[in-house]
Amino acid sequence: MAEMGKGVTAGKIASNVQKKLTRAQEKVLQKLGKADETKDEQFEQCVQNFNKQLYEGSKLQKDLRTYLASVKAMHEASKKLTECLQEVYEPDWPGRDDTNKISENNDLLWTDFHQKLVDQALLTMDTYLGQFPDIKSRIAKRGRKLVDYDSARHHYESLQTAKKKDEAKIAKAEEELVKAQKVFEEMNIDLQEELPSLWNSRVGFYVNTFQSIAGLEENFHKEMSKLNQNLNDVLVDLEKEHGTSTYPVKAQPRKKTKLFSRLRKKISSDSTPAKANKTPSSPPDGTPITSPETKAINHELEPSTLETPGGGIPKSPSQSSLPAVVVETFPATVNGTVESGAPSERADMPPGFLFKVQAMHDYSATDSDELQLKTGDVVLVVPFDNPEEQDEGWLMGVKESDWLQHKEFDQCRGVFPENFTERVQ
């Protein structure tokens with residue numbers, strides 16, 4: 001007999017094809033009611049329980065994998081959070097080493113929790129579900145063998161009831177019937193024993209699985225609670241230390257130009273008697289002599305701005321003859337935000353007064369155009385002459401004490417960091 005493939009012969013293929021055709025014909029006859037079908041209600045109930053058990057187990061496995069993925073995501077999020085804590089915890093703060101140790105233990109605890117869930121829950125779940133594919137395949141095969149048995153039984157019965165009996169065919173049909181019945185019953189008996197046992201095993205499996213998960217969660221949260229308490233204690237100590245120690249408040253960096261200080265030095269040097277003697281006199285026609293410094297002032301600074309840094313700056317002879325400059329009026333702004341309404345023009349307040357702030361921390365001026373602040377100082381905030389000169393986080397103002405004493409606005413005003421103060425009015 002010719003070989004059709006490895007372990008497969010033409011005769012075997014033909015036999016399988018014939019079996020499929022016979023089964024299909026038998027099922028059609030059974031559905032049409034022309035052939036009876038062997039029924040086993042008890043076994044059918046076992047099959048329904050099996051399918052239900054398989055569905056529930058597969059859903060549990062899927063949800064458990066989702067839970068493990070969530071645990072892993074929480075681990076990563078917790079790790080990022082503790083890393084952030086380590087970064088912001090400054091070296092001179094008490095408890096830095098403790099926070100680092102807590103972060104390490106936190107990471108180890110999450111890792112251990114995830115691994116134990118895999119070992120004690122997920123792998124057990126996989127083993128439990130691993131037995132279902134084989135049983136499902138055997139149930140399907142039993143169904144096919146039942147159809148073969150019914151077909152052989154019907155064939156034998158039809159030969160027996162035929163008008164013209166062929167004893168040889170009847171004997172062969174009986175032999176095939178006995179063989180089909182034996183194969184079917186062997187498979188049926190095995191499954192009749194296994195399916196109820198498998199169905200009952202679900203209770204113990206679910207108990208063990210959820211007990212394991214609950215126990216692991218209990219231990220995890222208990223240990224995590226200890227770490228959280230330790231971290232809380234460290235932060236309480238930091239808060240107490242912060243209450244008795246000085247941690248300087250830092251102002252935002254300024255993008256201030258060096259033009260003020262450069263021009264101030266030039267103007268101051270030009271204002272000395274020695275420099276004044278060297279200043280050329282004006283021509284008879286009265287045309288002013290314009291120095292390079294004056295040009296810089298005309299083109300780079302407004303007159304009101306020039307007088308602002310460092311108090312009153314004496315004018316040089318060249319400045320006294322400067323042509324009139326039209327100053328553009330800008331709306332009042334604070335941190336680049338236009339204040340609604342026009343600035344208050346109260347007689348007892350400096351021009352353009354906006355609101356009052358009180359210093360909450362000492363501030364040491366780092367440049368001549370900045371205000372020196374002591375805790376408790378009240379500052380009258382005014383707008384910048386040119387809003388483009390205002391740096392983020394900085395305000396312009398004059399200390400209330402200086403204003404009440406001198407009423408000299410241009411000589412007393414200066415800039416200061418907003419985060420060192422608190423608005424009071």
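How many residues does helix α3 have, and how far does the helix reach from its first C-alpha to its last? Helix α3, residues 96-129, has 34 residues and reaches 49 Å, close to the 50 Å expected at 1.5 Å a residue. Keep in mind as you look around that this is a predicted model. If you follow α3 along its path, you will find a bend of about 35 degrees at Val118.

**Salt bridges**

Next, turn to the charged side chains. The count of salt bridges comes to 12. Here are three of them, with the distance between nitrogen and oxygen in each pair.

| Salt bridge | N to O distance |
|---|---|
| Asp63 and Lys59 | 3.1 Å |
| Glu194 and Arg138 | 2.6 Å |
| Asp150 and Arg153 | 3.0 Å |

Let's start with Asp63 and Lys59, whose side chains meet in a salt bridge. Both residues belong to helix α2 (residues 41-88), and because they are 4 residues apart, about one helical turn separates them. Asp63 is partly exposed, with 37% relative accessibility. Lys59 is partly exposed too, at 44%.

The salt bridge between Glu194 and Arg138 has a different setting: Glu194 sits in helix α5 (residues 167-244), while Arg138 sits in helix α4 (residues 132-160), so the pair ties together parts that are 56 residues apart in sequence. Glu194 has a relative accessibility of 30%, which makes Glu194 partly exposed.

What about Asp150 and Arg153: are they buried or exposed? Asp150 is buried, at 1% relative accessibility. Arg153 counts as buried as well, because its 13% falls under the 20% cut-off. These two partners lie 3 residues apart in helix α4, so about one helical turn lies between them. Salt bridges can also share partners, and in this way Asp134, Arg138 and Glu194 are joined into one network.

**The sheet**

Now let's move on to the strands. Which strands form the open sheet, and in what order? There are 5 of them, arranged as β8-β7-β6-β5-β9, with antiparallel pairing. The edges are taken by β8 (414-417) and β9 (421-423); each has a single partner strand, so one side of each is left without a neighbour in the sheet. From one strand to the next, the twist averages 50 degrees.

As general background, strands of a sheet pair through backbone hydrogen bonds, either parallel or antiparallel. In this sheet, strand β7 (residues 394-399) is joined to strand β6 (residues 378-382) by 4 bridges, and the two run antiparallel. Here you can find Val381 standing opposite Gly397 of β7. Strand β7 is also joined to β8 by 4 bridges, again in an antiparallel arrangement. Across this pairing, Leu395 has Phe416 in β8 as its bridge partner.

How many of the residues of β7 are buried? The count is 6 of 6, so β7 is mostly covered, given that buried means under 20% relative accessible area. In a regular strand, side chains alternate between the two faces of the sheet. For β7, both faces are covered. On one side, Trp394, Met396 and Val398 are buried. On the other side, Leu395, Gly397 and Lys399 are buried.

Notes
Residues numbered from 1 in each chain as written. Predicted model: local features only at pLDDT ≥ 70, side-chain atom pairs only at ≥ 80, totals over all residues. Heavy atoms only, no water. Salt bridge = Lys/Arg side-chain N within 4 Å of Asp/Glu carboxyl O. Buried < 20%, exposed > 50% of the residue type's maximum accessible area, 1.4 Å probe, protein only. Expected span 1.5 Å × (residues − 1). Bend = angle between axes of the 7 residues up to and from the residue. Pairing = 2+ DSSP bridges. Axes fitted to C-alpha atoms, helices over the stretch in contact; angles between N-to-C directions.
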